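Work through the exercises below with the sequence and the 3D structure at hand. Try each task before reading its solution.

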Amino acid sequence: MADALTREIPLRPLAEGESWRDWLAERMRDQRRMLNAHRDAARLFVGARPGPSALPILQTALESLQRAGFAPREALRGLFTLGHYVSGFVLEEQADHPRGPEEDLDRARQWLADHPILFEAVAQSGHPQGEEAFEHGLAMILEGMRAHLPSPPPG
């Protein structure tokens with residue numbers, strides 16, 4: 001089943017002159033959209049090893065990242081880290097019971113009354129399963145990958 005779902009992820013190599021960060025971020029957004037389009041898809045992915053459908057995607061991604069300056073090992077580790085992040089994020093999204101932002105903040109205010117710094121951080125962070133949270137985590141991982149480039153190119 002995970003292999004069939006993998007075929008829904010668009011296979012597109014890094015274009016000439018395209019930022020590897022933008023390209024890779026969009027690939028992870030594609031993966032998140034695919035997982036969120038199917039109930040419990042993230043659960044399937046977490047327990048599955050890459051199947052035959054994943055091999056062309058991984059090969060294309062590795063070739064693209066190698067052209068951007070990554071060593072194959074760093075590229076593969078980065079891809080797995082991103083894949084784990086996306087799957088885990090979607091698991092949380094699909095497990096979370098929908099609540100309004102005010103309800104979350106009211107609940108946090110009650111629970112964290114004796115922890116003002118923690119409450120302030122929660123209040124400023126927004127919903128933990130929203131677009132902003134996903135993009136923030138994605139940017140952090142991509143920045144970590146950039147730090148592992150021998151001589152980081154722009155992007």
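The exercises that follow use a predicted model and treat burial, salt bridges and helix packing in turn.

**Exercise 1. Burial of two residues**

Task: Decide whether Thr6 is buried or exposed, and find which residues Thr6 touches beyond its sequence neighbours. Then do the same for Gln31.

Solution:
- Step 1. Locate Thr6: helix 1, which covers residues 2-6, contains this residue.
- Step 2. The relative accessible area of Thr6 is 7%. Buried means under 20%, so Thr6 is buried.
- Step 3. Residues up to four places away in sequence are set aside, and Thr6 then touches Phe45, Ser53, Ala54 and Ile57.
- Step 4. Gln31 belongs to helix 2. Its relative accessibility is 13%, so Gln31 counts as buried.
- Step 5. With neighbours within four places again left aside, Gln31 is in contact with Ile9, Gly83, Val86 and Ser87.

**Exercise 2. A residue in a loop**

Task: State where Ala37 lies, and whether Ala37 is buried or exposed.

Solution:
- Step 1. Ala37 is found in the loop between helix 2 and helix 3 (41-47).
- Step 2. The relative accessible area of Ala37 is 55%. Exposed means over 50%, so Ala37 is exposed.
- Step 3. For a distance, take Gly51, which is 14 residues from Ala37 along the chain; the two C-alpha atoms are separated by 20 Å.

**Exercise 3. Salt bridges**

Task: How many salt bridges does the count give? Describe the pairs Glu26 with Arg29, Glu131 with Arg32 and Arg39 with Asp40.

Solution:
- Step 1. Recall the principle: side chains of opposite charge can pair when their charged atoms come close.
- Step 2. The count comes to 13 salt bridges.
- Step 3. In the pair Glu26 and Arg29, the closest N and O atoms are 3.1 Å apart. Both residues are in helix 2 (residues 20-36), and because they are three residues apart, about one helical turn separates them. Glu26 is partly exposed at 27%, and Arg29 is partly exposed at 24%.
- Step 4. In the pair Glu131 and Arg32, the closest N and O atoms are 3.0 Å apart. This pair links distant parts of the chain, since Glu131 is in helix 8 (residues 131-147) and Arg32 in helix 2, 99 residues apart. Arg32 is buried, with a relative accessible area of 8%.
- Step 5. In the pair Arg39 and Asp40, the closest N and O atoms are 3.8 Å apart. Arg39 is exposed at 77%, while Asp40 is partly exposed at 32%.
- Step 6. Look for linked pairs: Glu26, Arg27, Arg29, Asp30, Arg33 and Glu135 form a network of salt bridges.

**Exercise 4. Packing of two helices**

Task: Which way do helix 5 and helix 8 run relative to each other, roughly parallel or roughly antiparallel? Classify the residues where they meet.

Solution:
- Step 1. The axes of helix 5 (residues 72-95) and helix 8 come within 10 Å, crossing at roughly 165 degrees.
- Step 2. Angles over 145 degrees count as roughly antiparallel, and helix 5 and helix 8 are therefore roughly antiparallel.
- Step 3. Their crossing is right-handed.
- Step 4. Helix 5 contributes Gly78, Thr81, Leu82, Tyr85, Val86 and Phe89, which meet Ala133, Phe134, Gly137, Leu138, Ile141, Leu142 and Met145 in helix 8.
- Step 5. Sorted by class, this contact of helix 5 with helix 8 has ten nonpolar, three polar and no charged residues.

Methods. Residues numbered from 1 in each chain as written. Predicted model: local features only at pLDDT ≥ 70, side-chain atom pairs only at ≥ 80, totals over all residues. Heavy atoms only, no water. Helix = DSSP H or I, 4+ residues; strand = E, 2+ residues; numbered from the N terminus. Buried < 20%, exposed > 50% of the residue type's maximum accessible area, 1.4 Å probe, protein only. Contact = heavy atoms within 4.5 Å. Salt bridge = Lys/Arg side-chain N within 4 Å of Asp/Glu carboxyl O. Axes fitted to C-alpha atoms, helices over the stretch in contact; angles between N-to-C directions. Parallel < 35°, antiparallel > 145°, perpendicular 65-115°, else oblique. Left-handed = near helix turned anticlockwise from the far one by under 90°. Nonpolar A, V, L, I, M, F, W, Y, C, P; charged D, E, K, R; others polar.
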